[in-house]
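Hello,

I am handing over the structure we spoke about, with the sequence alongside. My notes follow below it.

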Amino acid sequence: MAQASKNSRTTSATQKFFCSCGGEIKMKTLFEQGKVKNVAECEKCKRLERRPSDFK
């Protein structure tokens, strides 16, 4: 019996992050100075951080 790979057995769950102002945090990809940069931005207050956990 063939085994399923580890990645196919995991379930994909999206996690929602919220800023202290009450807005939802979305991940954005920016292209600056020839580099791709991932940043987290609050939709309500437009605050930018490196990752969603930095909003706490």
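**Hairpins and sheet**

Glutamine 33 takes a positive phi near 50° in the hairpin of E2 and E3, where two residues lie between the strands. Please keep in mind that this is a predicted model. The two strands flanking that turn, E2 and E3, run antiparallel and are joined by eight bridges. Within that pairing, methionine 27 stands opposite alanine 40 in E3.

The hairpin of E1 and E2 has five residues between the strands, and there glycine 22 has a positive phi near 105°. E1 pairs with strand E2 (residues 24–32) in the antiparallel sense over two bridges. Phenylalanine 18 is placed opposite glutamate 24 in E2.

On the other side, strand E3 (residues 35–42) is joined to E4 by two bridges, again with the strands antiparallel. Alanine 40 has glutamate 49, in E4, as its bridge partner.

Taken together, the four strands form an open sheet in the order E1-E2-E3-E4, with antiparallel pairing. Its edge strands are E1 (17–18) and E4 (48–49), each of which pairs on one side only. The protein chain also has one helix beside the four strands, and along the sequence the pattern is α-β-β-β-β.

**Core and burial**

Of the 56 residues in the protein chain, 16% are buried. The largest nonpolar core has five residues: Cys19, Ile25, Ala40, Cys42 and Phe55. Leaving out residues up to four places away in sequence, isoleucine 25 touches Phe17, Phe18, Cys19, Ala40, Glu41, Cys42, Pro52 and Phe55.

Is glutamate 41, a residue of strand E3, buried or exposed? Glutamate 41 counts as buried because its relative accessible area is 18%, and the cut-off for buried is under 20%. Beyond its neighbours within four places in sequence, glutamate 41 is in contact with Glu24, Ile25, Lys26, Lys28, Lys46, Arg47, Leu48 and Phe55.

**Whole chain**

The protein chain exposes about 5100 Å², and carbon and sulfur atoms supply 50% of that area. Among contacts with a separation of 6 or more, 14% are between residues 24 or more positions apart.

Regards

Key:
Residues numbered from 1 in each chain as written. Predicted model: local features only at pLDDT ≥ 70, side-chain atom pairs only at ≥ 80, totals over all residues. Heavy atoms only, no water. Pairing = 2+ DSSP bridges. Buried < 20%, exposed > 50% of the residue type's maximum accessible area, 1.4 Å probe, protein only. Contact = heavy atoms within 4.5 Å. Areas by Shrake-Rupley, 256 points an atom, 1.4 Å probe, with all protein chains shown as cover. Core = buried A, V, L, I, M, F, W, Y, C linked by side-chain atoms within 4.5 Å.
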